[in-house]
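User: I would like to go through a protein model step by step. Please show it, and then I will ask about its parts.

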Amino acid sequence: MGDSRVVSRRKFLAGIGAAAGIGIATKQLLFDQLESATAAESTVSETVYAASKPLALSSTFNINVKDYGAVGDGVTDDTPAIKRAFSALKDGDILYFPYGHYKTNASGFLAYILNKSVTILGNKSILEVADEGLNIQNSSKLHVDNLVVTRTTQSPYLGTASAFQIRNITDIFFTNNEISKFTDAIAINGTSVNINIENNKLHDLSQEPIVVRSNCNFVKISGNEIYRHLGDGILLKGVENIYISENYIHDPCKKDDASYSTFTGGAANPSIPIVGGGITCNNESGESGTVNLQIHNNTINGTGYGISLCGVQICHITHNRVKDIRSTSAIEFYNKTSVNSSSIPNLELVISQNHIINLMRDTLTSAIYVIAGTVHVDKALVTGNYVNTNSSIHVGINVTGNVQVIGNTVENYYRGIELGAGAIAIGNILIDGKSSDGGRALTLYDNAIAIGNKINSSQSSWIRGNNAIFKDNQINYNGNYWAVFIELGKSGNIIKDNVIQSSNGKTISGANPNFYDMNSVTDFFAADGGQRQHQISLSIPKGPTSSRPTGLSDGRYNGVQFLDLTIKKLIWWDASSYTWRDAMGNKV
C-alpha cells in the first residue's frame, strides 16, 4: 500500500468530525431562520431534527412547495407543483415540505438537481413517486432531513428505481428519513466526499438500502434501521475511510415470504438472492478496493450473511452482534474472483470482540471465515470473539495464512477452530462440541501452531498436516475416540507439553503405527485420578549405546538422541527420512 489513500485513524476521525461540524452549521442556520419567523415558534428548532412532531409552516424558507401549488392531501396530483418547486431552486436554497402527503406520478426521476447546493426539509412529510425519486449531482453540499419517500408500487429486483441517485457531491447529509418500495434507497457514486447517512429507516427495498461506490471518501453510516430488503443491506465498492456503526439490519425479505414474488417481480433469475444480506464490499465492476474500513457495534439478525468482505486493506470489525445467519458466514473475508477480478488482497484485518450466535444453513459453513486462496490474506487478527454456532454441522473459526486466532471462546460446534497454512491459535477456549461423529475441536494443517488453548469437548483435536506445533494445551476430552489424533502419513509435527484428561483413557494416537517415529511427541501429561502423570519424555539424549534402537518399544522416536559408541558420535533419529543423522545432519 503505502500511498496517499491510506490515512491514520486520527486523521479519519478528524475528517468525520469536520463533516459533522458542517452539519451543525447548517442546522444552526435553519434554526436561526425558524426563530426569526415568529416568537411563538421559538422552540421549533428542536423539532426540525428530533422530528418528534410535525414542523409548523414557516414562510422564511426559500422554497415552500405549497407556494408552487402543492396540496399535500395524498389524493391530488402534486407532480406539476413539486417539479416547479425543484426547478426554482438556486445554489444554497432550502426546499421545505409543510407536513402532508405529496402524491406524484412522473415517469423517470421526479426531479434533477444539478450544480446546486441544496437543503431539503421534509418535516416528516410523505413524498410519493410513481417511478424514481431525485437525481442530484455536482455540488458542494446536500442535506436531506425528515422526508418520507415512498414509491406507489414495489420496484422489482431487476428494476432501476432509486429513491436518491447521488453523484460528485462534497458534504452529504441524509438524516432522519424513511424510504421504501424502491430498488435502491440511497445510491452514492462518483467522487463524493464527507458522506453522512444517519438515523434513517430504510425498508421494503428490492436491492440495496445503502450503496456507496466509485472513489467516494470519508463515509459515516450510523444509526440506521434496515429491514425487508432483498439485496445487500449496506454495499461498498471502491470506497476509502468508512465508519459503519450502530446500524440495525434485520428481518430481510426471504424466498419463503408471501411477498417474495413482489420483490422479484415474478422473475426467475439465478442472480436474484433468496434472502437479503448484511454489510458487504466487493470489486465486481473493477473497483480499486476498499481502504480503511471500521465496522463497529452493529446488530445484524436473520440475514443471508452477516459481514462479508473482499479486497479490503485496513479493516476493523469490532463489537458487532450477529445472529441467525441463514446462508453463509457471520463474518468472512472471501476469495471469490467473480466479485474481485483484480484479486485485490485482504490485508491488515482485525476481527475483535464480536458476538456470534446461531448459523442456520443446512450445509457446513464457518461462523468466522478468513481464507487465503486466489485472493491473498495477510496480517489478520481474530481475537476476543464469542462464537456459538448452535449447530452440529458448522465450524466456529476457519482461517488460513498469516492469521492469529487469540483468546476467542467457541461453543456448540461441529468443528471448533480450523488452522490452515501457517495460522496460529493461542489461548482460545473450546467448549461443548455438538457432535462426536466426525467433529473436531482443534484442527491443524501444514505449519499451523496451537499453543495454550483450553479444550473441554467430546471432539478430538486432529493434526491433518505436516510440520505443525501443538503445545501447552489443556484438554478435557469426553468423547469415544482419541483426545489427539495424527492423520495418516503426516510427519514432522511437534506435540509437546500438553495436559490431557481423557474419560476413556485414550490420549494421543495416529493412523500410522509408527506415528511416534514420524512426529515428535514429547513431554505430555495425562491426568489420572486427579494426579498429573508424566507419560513420555524423549527430549533429553539417551545414554551411550553400541546397539541403535530399532523401534518404538526400545526408544526410537523422532528427534531422540543417542551417543553411538561404535562411531563415537552423538546421533539422532530423523523420522521424516527414516534415517539416523549426526549433529551436522549427515546420514550415519
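Analyst: This is a predicted model. In it, Phe562 has Ile571 of strand 53 as its bridge partner.

User: In which sense do strand 52 and strand 53 pair?

Analyst: Strand 52 covers residues 561-564 and strand 53 covers residues 569-574. They are joined over 4 bridges. The sense of their pairing is antiparallel.

User: Which residue in the hairpin of strand 52 and strand 53 takes a positive phi?

Analyst: Most residues other than glycine have a negative phi. This hairpin has 4 residues between the strands. The residue there with a positive phi, near 55 degrees, is Lys568.

User: Which residue in strand 54 does Asp574 stand opposite?

Analyst: Strand 53 is also joined to strand 54, residues 579-582, by 4 bridges, and the two run antiparallel. Opposite Asp574 in strand 54 stands Thr579.

User: How many aromatic pairs are there, and of what kind is the one between Phe109 and Tyr112?

Analyst: The count comes to 6 aromatic pairs. For Phe109 and Tyr112, the centres are 5.4 Å apart and the planes are at 70 degrees. Planes over 60 degrees apart count as edge-to-face, so the pair of Phe109 and Tyr112 is edge-to-face.

User: Of what kind is the pair formed by Tyr481 and Phe485?

Analyst: Its rings are 5.1 Å apart, centre to centre, with 45 degrees between the planes. An angle under 30 degrees would count as stacked and one over 60 as edge-to-face. Because 45 degrees falls in neither range, the pair of Tyr481 and Phe485 is tilted.

User: Which residue forms one aromatic cluster with Tyr481 and Phe485, and is Phe485 buried or exposed?

Analyst: The cluster of Tyr481 and Phe485 also includes Trp462. Tyr481 has 36% relative accessibility and counts as partly exposed. Phe485 has a relative accessible area of 7%, under the 20% limit, so Phe485 is buried.

User: Why are the buried residues of helix 3 said to be on the same side?

Analyst: In helix 3, residues 79-87, the buried residues are Thr79, Ala81, Ile82, Ala85 and Phe86. They are on the same side of helix 3 because they cover an arc of only 165 degrees around the axis.

User: Which strand gives the most to the largest nonpolar core?

Analyst: The largest nonpolar core has 110 residues, and Phe86 and Leu419 are among those that touch the most other members. The strand that gives the most to this core, with 6 residues, is strand 9, residues 162-175.

User: How many residues are in the other core, which lies apart from it?

Analyst: Among the residues of this other core are Tyr157, Leu230, Tyr260 and Ile272. The core lies apart from the largest one, and its residue count is 6.

User: With which side chain does the side chain of Asn358 make a polar contact?

Analyst: Asn358 lies in strand 28, residues 355-359. At 16% relative accessibility, Asn358 counts as buried. Leaving aside neighbours within four places in sequence, Asn358 is in contact with residues including Lys323, Ile325 and Thr389. The polar contact, at 2.7 Å, is with the side chain of Asp324.

User: Is Ile314 buried or exposed, and what is its phi?

Analyst: Ile314 is found in strand 24, residues 312-318. With a relative accessible area of 15%, Ile314 is buried. Phi of Ile314 is positive, near 75 degrees.

User: Where is Asn412 found, and what is its phi?

Analyst: Asn412 is found in the loop between strand 34 (409-411) and strand 35 (415-420). At 17% relative accessibility, Asn412 counts as buried. Phi of Asn412 is a positive value, near 55 degrees.

Technical notes:
Residues numbered from 1 in each chain as written. Predicted model: local features only at pLDDT ≥ 70, side-chain atom pairs only at ≥ 80, totals over all residues. Heavy atoms only, no water. Phe/Tyr/Trp six-rings, centres within 6.5 Å; stacked < 30°, edge-to-face > 60°. Buried < 20%, exposed > 50% of the residue type's maximum accessible area, 1.4 Å probe, protein only. Pairing = 2+ DSSP bridges. Arc of directions from axis to C-beta. Core = buried A, V, L, I, M, F, W, Y, C linked by side-chain atoms within 4.5 Å. Polar contact = N/O pair within 3.5 Å; in protein donor to acceptor, adjacent residues only side chain to side chain. Contact = heavy atoms within 4.5 Å.
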